[in-house]
Amino acid sequence: MNVSHPPAQADRSRTDRRIADGIVAANLPSTKERSVAISPPPPDGETAESGLDERLDNVLTASRSSRWHASATRWQAAREVAAINYLQATLGTERFLPPIGGWAIDYTVAAAILDIIRRHGRPAYVLELGSGSGTPWFAAMAAQAGGHLVSVEHDTDHVDRTQSLLDHYDFQGVCTLVHAPLIPGADGASWYDPDPILSAVGHHKVDVLVVDGPPARSGPNARRPALQHLAPLLAPDALVVLDDVVRQEEQQVLTDWQHAFGERLQMLPIVDRASIFRLLPTDKESSR
């Protein structure tokens with residue numbers, strides 16, 4: 001006759017410890033403080049012990065994931081506050097510039113760019129691809145450095161909205177807003193018509209290139225042609241910022257650039273959301 005034996009004492013102790021760990025990790029009330037949930041019977045072939053182990057594993061995994069996300073959110077918020085304080089103190093503006101983040105450049109990226117511009121110690125010529133709420137911030141940076149901002153936008157409605165922002169903050173004299181419609185390229189990717197951009201930049205060399213457009217919806221790898229068209233316009237120690245590298249498409253664009261430019265592309269590990277790097281001149285360009 002087969003006799004069913006209860007779980008060994010060691011197994012019960014192990015399960016009790018896992019229950020306690022799960023309660024602590026999930027920040028659940030103790031057994032005395034919570035009502036007992038009645039679970040359905042385990043399916044055939046599964047013991048009550050293994051079913052409880054599986055449920056406890058799920059509780060612990062969910063709890064650890066929630067705690068990690070909460071910690072990451074707090075850390076990101078602290079970084080944003082530090083960046084905002086730096087921007088306000090350094091730019092010295094008393095105006096309330098538009099909030100940034102989301103699809104636009106965020107405060108940590110803007111602060112990193114401003115810090116590098118200030119270290120240049122000379123007027124900064126900034127070229128921004130994709131205008132919006134970040135444009136007044138770049139205009140303020142260029143103004144403080146005695147330089148100029150050229151902001152490029154393909155959408156006429158967006159051009160009008162950005163121009164209204166610049167007018168509101170009195171940045172008309174320090175920013176040139178360029179309408180450059182998207183045109184198909186040889187590789188099938190749509191990119192800005194380069195002629196209006198070249199005309200606006202003129203004889204200047206670009207100190208900071210911010211690649212925050214075209215939007216992803218305009219086609220696959222929409223930002224990849226930027227360096228192909230604009231690398232000749234860059235100053236020898238120019239800074240290039242590729243925003244949104246948390247997205248797979250921008251990661252591929254960065255990989256393609258690294259393959260194309262090799263050691264000329266020197267990464268600056270400053271922020272997570274954007275890739276910031278210098279594109280060094282060729283030996284021929286350096287000797288000029």
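**Exercise 1.** Which helix is Glu80 found in? Place Glu80 and Ala82, then classify each by accessibility.

*Solution.* This is a predicted model: local features need pLDDT of at least 70, side-chain atom pairs count only at pLDDT 80 or more, and totals for chains, interfaces and linings use all residues. Residues are numbered from 1 along each chain as its sequence is written, and side-chain values use heavy atoms, without hydrogens or water.

- Step 1. Glu80 is found in helix H2. Ala82 lies in H2 too, which covers residues 48–91. (Helices are DSSP runs of H or I, at least four residues; strands are E runs, at least two; both are numbered from the N terminus.)
- Step 2. Glu80 has a relative accessible area of 16%, so it is buried (under 20%; exposed is over 50%, partly exposed in between; 1.4 Å probe, protein chains only).
- Step 3. Ala82 is partly exposed because its relative accessibility is 47%.
- Step 4. Leaving out residues up to four places away in sequence, Glu80 touches Asp106, Tyr107 and Thr108 (contact: heavy atoms within 4.5 Å).
- Step 5. The C-alpha atoms of Ala82 and Tyr107 are 8.9 Å apart.

**Exercise 2.** Describe the largest nonpolar core.

*Solution.*

- Step 1. The core has 39 residues (buried Ala, Val, Leu, Ile, Met, Phe, Trp, Tyr and Cys, joined through side-chain atoms within 4.5 Å).
- Step 2. Leu87, Ile113, Ile117, Met141 and Phe171 have the most contacts inside it.
- Step 3. Helix H3 gives the most to this core, with nine residues.
- Step 4. Phe171 touches Leu97, Pro136, Ala139, Ala140 and Leu166, not counting residues up to four places away in sequence.
- Step 5. A second, separate core of 32 residues includes Val201 and Leu242.
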